[in-house]
Amino acid sequence: MAVKESARRRIAMEYRITPGRLEIGKFSLYYERVGAGAPIIFLHGLGGNHLSWWQQVPYFMRSFECVIVDQRGFGLSPDPDNLFNRAHSSDLATLLDHLKIDKAVLIGQSMGGWTIVGYALEHPERVAAMVMADTPGGIFTPDMKFEAPRAPLAVDASPPIGSLPTYAADYFTKHPEMAFLYDEVRTLGARPPADAGIRIISLRYDLAAVKQRLTMPILCMVGEEDTLIKPDVVKALAAALPNSRMRTVPGSGHSIYFENAAVFNQLVRDFLVEVGY
């Protein structure tokens, strides 16, 4: 019995959360590293922070080094210069240089898709593969039927629990405790500008440059019930990328990683195996 207990303790000690801060001028970027192996970088959406990935890190840390961050304006990374998404991609570049990560897989949820696309356009040789979840990532094609929101998503407000369009319409009914947790994570340290949603949608990358530079394997996935970034938008995105594959997840809305973590994790792992990462 003592031997088994000792083994359990050794296994538990293998996985440590290593927090860090990176100073970029007046800005201080908070990040965490967990696990060991080839690196995977997780970039959260407008309603998230580093805690958003609580269902992914324990799954992937056994085979990979997971890096999670609070992007500028969220969590423990307040944005004193109000640069917001104009600096998200360059913040990522500075972080990977700081961590001496030469090449990585990038996973971007919603707003995080803009971050990883911006970085990949500048540093395509340093991106092994990308996962774009419920996001066009600033890549818009002429045939996309995309309606920009008339008003920005209220990130730091307090709407009724379960009323957000960031998960399936019946998610609160089926999983009230998870919807509550989602709202708790969302409001923790949320300090984006009032026009955050408009700023994100307004950032659009050159389609010709995208097709020329983003030739790495890219997994595009979308929740079948996503009302923010509708499946047709992500399908059009996948069709425009040179080396993409498309996955639609039934029963999920805008946050597959949170609503249906088991499916999200398996799709990502299958993709990583497919590309030999």
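Contact here means heavy atoms within 4.5 Å, and the helix placements described below rest on that cut-off. The model is predicted.

The account starts with the sheet. Eight strands form an open sheet in the order β1-β2-β4-β3-β5-β6-β7-β8, and their pairing is mixed. At its edges stand β1 (18-24) and β8 (244-249), each of which pairs on one side only. On average, neighbouring strands of this sheet are turned by 20° against each other, direction ignored.

At the β8 edge, the partner strand is β7, which spans residues 218-223. β7 and β8 pair in the parallel sense over 6 bridges. One residue pair can be picked out in the structure: V222 has T248, in β8, as its bridge partner.

Two helices can then be placed against these strands. Helix α9 (residues 231-240) lies across β6, β7 and β8, and runs at about 170° to β7. Helix α4, made of residues 111-122, lies across β3 (38-43), β5 (104-109) and β6 (127-133). The angle between α4 and β5 is about 145°. Strand β6 is thus crossed by α4 and also by α9.

The second largest pocket involves other elements. About 170 Å³ of space lies in this pocket. Its lining consists of Y15, I17, E32, V34, H50, L51, W53, W54, V57, P58, M61 and I68. Strand β2 (27-35) and helix α2 (57-60) are the elements that give two or more residues to that lining. By class, the lining residues are 10 nonpolar, 1 polar and 1 charged.

Conventions
Residues numbered from 1 in each chain as written. Predicted model: local features only at pLDDT ≥ 70, side-chain atom pairs only at ≥ 80, totals over all residues. Heavy atoms only, no water. Pairing = 2+ DSSP bridges. Helix = DSSP H or I, 4+ residues; strand = E, 2+ residues; numbered from the N terminus. Axes fitted to C-alpha atoms, helices over the stretch in contact; angles between N-to-C directions. 1 Å grid on protein atoms, 1.4 Å probe; cavity = no way out; pocket = protein on both sides within 12 Å on 5 of 7 lines; lining within 4 Å. Points joined across faces, edges and corners; volume = space filled by probe spheres on them. Nonpolar A, V, L, I, M, F, W, Y, C, P; charged D, E, K, R; others polar.
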